[in-house]
Amino acid sequence: MDVEREGRSFAERFGPVLVGALAVLFVAVAWPRAWYNDDAFITFRYARHLAQGFGFVWNTVDPVRVEGSSSLGWTYLNAAAIALGGNPVWFSHALGLLAGVVGLFLSWLAARRLLGLSPWFALLAPAVLAAHRQWVIWAVSSLETRFATVLALAALLVMAFEQRRHPPGWAASGALFFAATLFRPEVPLLHAAAGAGFGLARPRRENLFAIVLSGIVHGAGLAALTAFRLLYFGRPLPNTFYAKVGGIQLSRGLAWLAQFPAQNGGWLLGPLLLAGIFAWWMRRHHGDDPGEGPAVPPLLAAIGAQAVAWCGWLAVEGGGGWEFRFLDFLLPGLALAVAAAAASVAAGYGLGGAARRGHRAFTVLLAVGAVAVSWWTLAVPFRKFDDVDAAEHMKRQADALLAEGRQLARVLTPEDRICIGWAGALPYVTDAWHFDPWGLNDPEIARRPFHREGVIFHQRQATWDDVVARRVMFCDVYNQFLYRRPFPPNRVPNPVMPWARDGILVHCIDLGRGPWPYWIFASPRPVEEIRAWAERHHLRLVYSMPLRLRPSGTPDHSLSPAPSRR
């Protein structure tokens with residue numbers, strides 16, 4: 001009996017079942033790790049206001065239309081869920097989880113149908129993804145990350161199929177790339193890079209025509225979206241683009257990128273990818289017919305072009321403040337490249353390598369090692385570096401801010417004006433009028449000069465004059481509102497924020513109950529107004545004292561957007 005043939009037949013017949021088993025494993029691993037971070041509640045606040053009929057506005061009092069969410073599509077999906085009575089947190093978890101499962105099946109389909117891998121090697125791609133830490137945590141983060149990644153992956157695969165079909169048809173890939181753009185505005189870069197990769201791999205007229213047609217369809221969608229933004233928001237791009245983009249931070253971005261292989265098994269996956277490329281090159285140039293060996297699969301060329309373009313963009317922008325979220329788009333491509341590299345090594349080097357003793361066992365060990373390294377990322381905690389946070393830390397921050405918000409929701413209303421740098425959970429829970437000093441939800445602040453040394457993606461900031469101009473009542477100048485003790489202004493154990501000014505009055509109100517009963521804030525409003533507000537809510541004003549900075553005018557503490565541990 002031919003065991004190898006029987007094995008291939010089994011994998012061929014039951015491939016979808018085996019991928020389904022990996023999907024079950026993925027769900028079992030991911031669902032208990034469901035979490036959220038503060039930024040998710042920015043989207044949920046916009047979504048709630050949409051569902052309530054206020055439109056795409058941040059504040060319902062003195063509303064201004066501003067696209068302060070990075071994902072237009074995710075906001076509208078959550079608005080629909082809220083309008084139907086759903087909980088946006090659980091809705092987002094479920095949709096992200098479903099997208100993660102779909103991504104496993106798409107990676108298997110791509111490996112089998114587009115790369116032509118054998119059934120067992122095709123299963124390697126979803127096996128690498130199924131329990132990879134980043135694939136798991138961003139699927140259940142309440143953010144649009146996984147949904148956007150899978151849409152972009154589907155668009156890439158459809159584009160690859162279009163390269164095989166002549167005439168190309170109406171270019172459904174362009175429509176899918178546009179759909180992904182609705183969820184992440186950077187997707188056009190991935191589309192352009194994919195087109196370049198396909199064009200270099202097969203520079204034939206009909207293939208180039210299919211690429212151009214895909215771009216035209218996407219471009220038409222972008223034109224309509226831009227027209228909508230101009231008419232509705234008065235800006236051609238999301239406000240978050242203006243707030244976050246603008247400075248070249250190459251050294252920071254390269255250091256961020258270097259951490260990914262260091263924390264995700266690059267010591268094995270890197271050599272495996274190089275060995276796969278070397279094996280292909282040997283068969284291509286040193287076989288019986290040099291130059292007649294296997295060509296580069298167009299899909300791998302497109303994946304490589306996307307990786308180069310995307311990593312270049314991230315390097316220029318400085319990477320990110322969260323653990324490798326912005327590399328999520330590249331994870332399916334990495335899994336496919338690992339599967340293709342293992343298959344290439346298994347095929348040998350064109351010099352009888354595949355027939356040598358132990359070669360097959362060596363390939364099996366490499367494949368098993370690739371899966372083991374990927375799954376090991378869940379067991380090894382994320383190693384914090386620079387100002388990049390792990391998902392678990394972000395979850396603790398969001399929990400603390402939610403608790404603060406629930407405590408303040410007893411006294412705050414949509415008419416009360418607050419300013420706090422954490423623009424998600426606390427403003428969402430209280431629904432108070434909120435001024436975002438980092439500019440993510442404020443078009444004026446978003447266009448301020450770029451501070452290169454600031455915290456990543458929070459490098460444009462308000463001043464105290466902006467707080468005064470917006471008639472803010474309660475301004476957070478310590479990156480935390482509530483405390484267990486009534487610390488005096490210069491004794492608060494938290495960093496002073498950049499919008500603070502020497503001599504401004506800091507107030508402390510005793511909330512009377514809750515885990516953090518003392519509310520410490522600055523305010524440009526008269527002390528009498530603060531005291532009157534406290535009396536109306538049957539609260540006690542503990543003190544009103546000036547904040548004193550150093551003689552140089554700098555704060556007493558280093559600047560940081562992260563609240564202290566509670």
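In this predicted model, the aromatic side chains form 33 pairs. One of these pairs brings together F324 and F382, whose ring centres lie 5.6 Å apart and whose planes meet at 75°; the pair is therefore edge-to-face, since planes over 60 degrees apart are placed in that class. The contact joins distant parts of the chain, as the two residues are separated by 58 positions: F324 belongs to the loop between α14 (298–317) and α15 (331–347), whereas F382 belongs to the loop between α16 (359–379) and α17 (391–408). Both partners count as buried because their relative accessible areas, 1% for F324 and 11% for F382, fall under the 20% limit.

A further edge-to-face pair is formed by Y483 and F487, with 6.0 Å from centre to centre and an angle of 85° between the ring planes. Y483 is buried, its relative accessible area being 3%, and F487, at 16% relative accessibility, is likewise assigned to the buried class.

Aromatic contacts also extend beyond individual pairs, in that Y46, F56, W58, Y76, F228, Y232 and F233 are joined in one aromatic cluster.

Aromatic rings are, in addition, found beneath charged side chains. The charged end of R48 is positioned over the ring of Y428, at a distance of 4.3 Å from the ring centre, and R146 lies over the face of W135, where the corresponding distance to the ring centre is 3.8 Å.

Terms used
Residues numbered from 1 in each chain as written. Predicted model: local features only at pLDDT ≥ 70, side-chain atom pairs only at ≥ 80, totals over all residues. Heavy atoms only, no water. Phe/Tyr/Trp six-rings, centres within 6.5 Å; stacked < 30°, edge-to-face > 60°. Helix = DSSP H or I, 4+ residues; strand = E, 2+ residues; numbered from the N terminus. Buried < 20%, exposed > 50% of the residue type's maximum accessible area, 1.4 Å probe, protein only. Lys NZ or Arg CZ within 6 Å of the ring centre and 35° of its normal.
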